[in-house]
Structure formats: structure tokens, C-alpha cells
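Got the viewer open? Let's take a walk through this one, selection by selection.

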Amino acid sequence: MEERRNMNSTAANRSNQPSSVGISDGQITNEEAESLHKKKKCSGHELKEVTCSDTFSDNGSLNKKRLHYHQDQRRMSLTSIVTVETPSSSDAPTRRTIDLGHGSDLIYIQRFLPFQQSWTFFDYLDKHIPWTRPTIRVFGRSCLQPRDTCYVASSGLTALVYSGYRPNAYSWDDFPPLKEILDAIYKALPGSRFNSLLLNRYKGASDYVAWHADDEKIYGPTPEIASVSFGCERDFVLKKKKHEESSQEKTVNGGPTKKRLKRSSREDQQSLTLKHGSLLVMRGYTQRDWIHSVPKRAKAEGTRINLTFRLVL
Ligand SMILES: O=C(O)CCC(=O)C(=O)O
Ligand SMILES: [Fe+2]
């Protein structure tokens, strides 16, 4: 994570979160909002999302986007990179594909798992997963990882090691609900395969994952990573890695050019709010060309659990 992995352009930007170009990911019903508030404190974060949900409503309609143009120009700029695919049946949850360019893309399914079932999974995971908060090494210094973690993997795989930490690999058989979630992912992503799972638990506003790419060699050059979120919604931010070419240019010219500033200001950043029960898939060259983070958010007081399914080659 911050921690592990490709640190290209990571360190310099650690405290410098991008001003996010937001994608509002549809609305939740009043009943859901109420239930969410009753269930966990998330400090009104999701209510904010309800107010800006018309731009990309959950049935995939972009009809109202013009109405919002004057209110939020930034959202309009996203229409060029967001493709809304028509669901195959009216019951299927809406799937959005976000083309990041150059062979990288994301899929986001907000209502991937039913709302109440997602709380059942949340409660199970919160209670039964053997969470640990390991000491890791970042830039030569030991520190506590800023979130709880656990690792589940099929037997015989190459071990995962990040930031000097080698998590114990638990068995899938120890946690049957994880197989149910994996089956749901396989239904949504026919042809995909995953044999390992990194779980993260963010216990409040100051837990986070810093900029990183999941680009360990064990995942190969174009890993597919399926990320399921439960509980308090949090922002997930992506930023394009700076190419060596750009840094060479910078040295020669003594500073960033106007052109480069313009390029890196908008299409090189993405932000999604990962909702309770949602699925985000990162594909293609996303790990090679982009870094991502879940920044601290003062208002995200509740607990969030995130599962990232991966394939160790
Ligand atoms: O919590 C998340 O949404 C992302 C976690 C993550 O990036 C990771 O485990 O590598
Ligand atoms: Fe990651």
C-alpha cells in the first residue's frame, strides 16, 4: 500500500491529496439512508451523495445532467470518460465502465450486493475476521499500518510481502461467507478468477490507505482486482503516475510546462465514493499507470470494511 509497492510519484504526493473530480454514484433510497444512519454513524456523508445523485442516477440515466451543468461543471467533464452500459435485464444492477485511457479501466457497480445482506456480511466480517494492525516499514521507518488487515489465500501460492510485512494466509474454508461474495463476483465478472483476498478495516475517519499501486510481480502485468465495500462509504481516489518522460522534461525545462499542468489537472485524477455493498473492479494497466488511495476523511466516522480479491499467478 503506501507502505508497499510501487512508490513512483507516491512519496511526494503523500500529504497532497488531489482536489478530486467527483463521480456521484447514484442514490440510495430514503429507507436505506435511514437504515444506514441507524446502523452506523457515517456522519451524513451519504446524505450529501443523495443530493448530488441526479447526474448519474442509479438506473443509468444521464438525462438530468444538463440541469447540473451550471451547478457543477466538473461533473460534466466526466461524461466523456464515463460509459453507462445498459443492464442486460431490468433487475441487474447498473454497471458503469470508466475508461482511464491507454488500456486501463474501472467497472463500478454500486448496488452489487443487496443492502441488508451487505450489513449481514459487514457484521460477520467485523466480528469473525482475525484482524491485525501490523507494524510495517515505510521509507526505512517502522510504523503502525493505519488500518486493520487480514489476508486469505488458496494454499501453495507465492506469499504476499509488502512493506517488510508478510501476512499469514488464512484459508477460505475458515470464512464461508467470503466464498459467497466471491461467487457473486464471478457472476458479475464471467471468466475472471481470484485466489487471494486482502481485507482492510477502516475503524474511523483517520484510518486510511495512502497512495500506492497493487503492482507486485505476483499479480502479473495487468492484474484484475475486484474490490467490495461494506459499511461507511469512503472516497477512493486515483491519480495517474507521472511518467519518467515528464520528470526528464521537468529537469530540462526547470519546471512543469503549462501543457503538462493542464493535462495533469483533470483527466489524470478520478474519485469515486465507494458505497456500502458496491463493487469496483480495476483492470488492464490501472496498477502500472495509476496509483490509488482511500484518504482520511473527517466526516467518515463509521467503520468500513473493504475486500480486494486478486489473482496470484
Ligand atoms: O479500501 C479500499 O477501497 C482500497 C484498498 C486497497 O487499495 C488495497 O487493499 O490495496
Ligand atoms: Fe490497492
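Before the first stop, a word on what counts as a metal donor: an N, O or S atom within 2.8 Å of the metal, with water not among the atoms, so a site may look incomplete. Keep in mind too that you are looking at a predicted model.

**Stop 1: the iron ion**

Select ligand 2, the iron ion, and show what surrounds it. Which residues coordinate it? You should find His 212 and His 292, each through NE2, plus Asp 214 through OD, at 2.1 to 2.2 Å. Along the sequence, these donors follow the spacing H-x1-D-x77-H. Now colour by secondary structure: Asp 214 sits in the loop between β10 (209-212) and β11 (225-231), while His 292 belongs to strand β15 (residues 290-294), so this pair ties together parts that are 78 residues apart in sequence.

Are these two donors buried or exposed? With buried meaning under 20% relative accessible area, Asp 214 is buried at 1%, and His 292 is buried as well, at 4%.

**Stop 2: the cavity**

Keep His 292 selected and switch on cavity display. There is one cavity of 30 Å³ or more, and its volume is about 110 Å³. Its lining is made up of 16 residues, and His 292 is among the closest to the centre, together with Tyr 202, Phe 236, Asn 306 and Thr 308. To see which elements build the wall, select β9 (196-202), β10, β15 and β16 (304-310): each gives two or more residues to the lining. The largest share, four residues, comes from β16. Colour the lining by class and you get seven nonpolar, six polar and three charged residues.

**Stop 3: Thr 303**

Next, select Thr 303, in the loop between β15 and β16. At 17% relative accessibility, Thr 303 counts as buried. What does this residue touch, leaving out residues up to four places away in sequence? Show Phe 122, Asp 126, Arg 201, Tyr 202, Lys 203, Phe 230, Gly 231 and Cys 232. Tyr 202 is one you have already met at the cavity.

**Stop 4: Phe 121**

From Phe 230, move on to Phe 121, in helix α5 (residues 115-128). Phe 121 is buried, with a relative accessible area of 6%. Hide its neighbours within four places in sequence, and the contacts that remain are Leu 113, Pro 177, Glu 180, Ile 181 and Phe 230. If you'd like a distance to check, draw a line between the C-alpha atoms of Phe 121 and Asp 183: they are separated by 14 Å and lie 62 residues apart along the chain.

**Stop 5: Cys 143**

Now go to Cys 143, in strand β6 (residues 141-144). Cys 143 is partly exposed, with a relative accessible area of 30%. Beyond four places in sequence, its contacts are Pro 134, Thr 135, Ile 136 and Val 138. Try another line here, C-alpha to C-alpha, from Cys 143 to Gly 277: it spans 31 Å, for two residues 134 apart in sequence.

**Last stop: zoom out**

Clear the selection and look at the whole chain. How many helices and strands are there? Count nine helices and 16 strands. Of the 313 residues, 53% count as buried. Take the contacts between residues at least 6 apart in sequence, and 80% of them join residues at least 24 apart. Finally, turn on the surface: about 14900 Å² is accessible, 50% of which belongs to carbon and sulfur atoms.

Technical notes: Residues numbered from 1 in each chain as written. Chains lettered and ligands numbered in written order. Predicted model: local features only at pLDDT ≥ 70, side-chain atom pairs only at ≥ 80, totals over all residues. Heavy atoms only, no water. Donors = N, O, S within 2.8 Å, 3.2 Å for Na, K, Ca; no water. Buried < 20%, exposed > 50% of the residue type's maximum accessible area, 1.4 Å probe, protein only. 1 Å grid on protein atoms, 1.4 Å probe; cavity = no way out; pocket = protein on both sides within 12 Å on 5 of 7 lines; lining within 4 Å. Points joined across faces, edges and corners; volume = space filled by probe spheres on them. Nonpolar A, V, L, I, M, F, W, Y, C, P; charged D, E, K, R; others polar. Contact = heavy atoms within 4.5 Å. Areas by Shrake-Rupley, 256 points an atom, 1.4 Å probe, with all protein chains shown as cover.
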